[in-house]
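Me: I am new to this kind of picture and would like to learn how to read it, one feature at a time. Could we go through it together slowly?

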Amino acid sequence: MQLDNLTLRKFLATDLMDFVIRVSLIAFLVVMSARVFAPFAGLLAWALILAIALFPLHQKFAKYLGGRQGRAATIMVLIGLLVIGVPTAMLGKSFAGHVHDVYSAFENDTFSIAKPDAKVADWPVVGKKLYATWDKAANNLPAFLQENKEQIKSLSKRVASGAANTLGSVMLLLGALIVAGIMMAYGESASQSMQRIFSRVTGRDKGPHLLKLSTATVRSVAVGVIGIAFIQALLLGVGFILAGIPAAGLLAMLVLLLGVLQLPALLI
C-alpha cells in the first residue's frame, strides 16, 4: 500500500506535471499561431481557391514548358497581374483625375451642372422627382448644395468607402494570385500531402475520393462565379458600346473583375 502511494505521488509530482506542461505549451503554440495567421486567413483562402481552380490550366502551361512547374506558375501570375492590375491602375488614375478636377472646379467656383433633358421627366417611377432635383441643382447649385449638405456628405462618404473597399479587394486578389502561383508551383507534392491527410482522417478508402470531391466542388463553384461574371461583363460591355461611353472595353474588364470579387457592378 505504501508502495502504491509512493508511485502515485511520483506520478503526480513528475509525470503529470510534465504532461500538463506539454499540453499547455502545445495549446499556447496553437493559439499564438492562429492569432498570427488570422489576418491572412482571407488571403490564404482566396489563394487556395485560385490555385485549385487554375491548376489544370497551370498543368497545360507546364506541359508546353517541358514540365517546369515554377516557370509555368510565374507566367500565369504575371499574366494575371497584367490583366487585373493594368485596368485597375488606369481606372484609379482616371478616378483620381476626375476627383481633382471636381475639387479644383469647386475651389475656383467654376463647377456647374448641365440642365436635364426633358425626357428625364418621362422616366418611370423616379422621372419627375429626378428631373426636379436635377433642374434645381442646375439652376442654383450653391443653394442646392447648402440645402442638401448632410445628404451629399453622407453620399460622399459612401462613395469613398466603396472605392476604398473595392481597391482593398483588388489588392487582396492580386496578393492571393501571387500566393496561388507559389501553391501551384508545388501543387503535385501538396496534392499528395493533402491525400495523406484525408486518408489519415477519413480512412484510406474514403480519403482519395473525398479529396477529389472537394477539389471538384471548389472548381465548379469558381468556374460558375467566373462564368456569371463574364456574362455580366459581356452584357454591360455591349451596353457601354451602344451608349457611346468611352473606354467601354476597359469598363467591361473592370465589371468582370468586380463580378469575380463578388462586388456590385453598380460601382462602375
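Me: Let me begin with a single residue: is Gln-69 buried or exposed?

Reply: Before answering, keep in mind that this is a predicted model. The idea is to take the relative accessible area of a residue and compare it with a cut-off, and buried means under 20%. Gln-69 has a relative accessible area of 17%, and therefore counts as buried.

Me: Where does Gln-69 lie, and which residues is Gln-69 in contact with, leaving aside its neighbours within four places in sequence?

Reply: Gln-69 lies in helix H3, which covers residues 69-107. Once the neighbours within four places in sequence are left aside, Gln-69 is in contact with His-58, Gln-59 and Ala-62, and also with Met-184, Ala-185 and Glu-188.

Me: Let me follow one of those partners: where is His-58 found, and what is its relative accessibility?

Reply: His-58 is found in helix H2, residues 41-64, and its relative accessibility is 0%, so His-58 counts as buried. With the neighbours within four places in sequence again left aside, the contacts of His-58 include Gln-69, Met-184 and Ala-185, along with Ala-72, Ala-73 and Met-76. For one of these partners there is also a distance to read: the C-alpha atoms of His-58 and Met-76 are separated by 7.3 Å, although the two residues are 18 residues apart along the chain.

Me: How should I read the way two helices pack, and at what angle do H7 and H8 pack?

Reply: Two packed helices are described by the angle between their axes and by the distance between the axes. Helix H7 (residues 187-202) and helix H8 (residues 207-242) pack at an angle of about 125°, and their axes are 8 Å apart. H7 and H8 are therefore oblique to each other, and H7 passes H8 in a right-handed crossing. On the H7 side the residues that meet H8 are Ser-191, Met-194, Gln-195, Phe-198, Ser-199 and Thr-202, while H8 contributes Gly-207, Pro-208, Leu-210, Leu-211 and Ser-214. By class, the residues of this contact of H7 with H8 divide into five nonpolar, six polar and no charged.

Me: At roughly what angle do the axes of H8 and helix H9 cross?

Reply: The axes of H8 and helix H9 (residues 248-260) come within 8 Å and cross at roughly 155°. Angles over 145 degrees count as roughly antiparallel, and that makes H8 roughly antiparallel to H9. H8 passes H9 in a right-handed crossing. Among the residues that meet here are Val-225, Ala-229, Phe-230 and Leu-236 in H8, and Leu-251, Val-255 and Leu-256 in H9. The residues of the contact of H8 with H9 divide into 14 nonpolar, three polar and no charged.

Me: Which residues of H2 and H8 make the contact between these two helices, and how do their axes cross?

Reply: The axes of H2 and H8 come within 9 Å and cross at roughly 90°, which makes H2 roughly perpendicular to H8. The contact is made by Ile-49, Ile-52, Ala-53, Phe-55 and Pro-56 of H2, together with Thr-215, Val-218, Arg-219 and Ala-222 of H8. By class, this contact of H2 with H8 has seven nonpolar, one polar and one charged residues.

Me: Staying with helix H8, how far apart in space are Leu-213 and Lys-157?

Reply: Leu-213 lies in helix H8 and is partly exposed, with a relative accessible area of 46%. Leu-213 and Lys-157 are 44 Å apart in space, taken C-alpha to C-alpha, and 56 residues apart in sequence.

Me: Finally, how many helices and strands does the protein have, and why is it said to be more spread out than a compact globule?

Reply: The protein has nine helices and zero strands. Its radius of gyration is 29 Å, well over the 18 Å that the globule rule gives for 268 residues, so the protein is more spread out than a compact globule. Along its principal axes the C-alpha trace spans about 100 × 55 × 35 Å, and 21% of the 268 residues count as buried.

Conventions. Residues numbered from 1 in each chain as written. Predicted model: local features only at pLDDT ≥ 70, side-chain atom pairs only at ≥ 80, totals over all residues. Heavy atoms only, no water. Axes fitted to C-alpha atoms, helices over the stretch in contact; angles between N-to-C directions. Parallel < 35°, antiparallel > 145°, perpendicular 65-115°, else oblique. Left-handed = near helix turned anticlockwise from the far one by under 90°. Contact = heavy atoms within 4.5 Å. Nonpolar A, V, L, I, M, F, W, Y, C, P; charged D, E, K, R; others polar. Buried < 20%, exposed > 50% of the residue type's maximum accessible area, 1.4 Å probe, protein only. Rg over C-alpha atoms; globule rule 2.2 N^0.38 Å.
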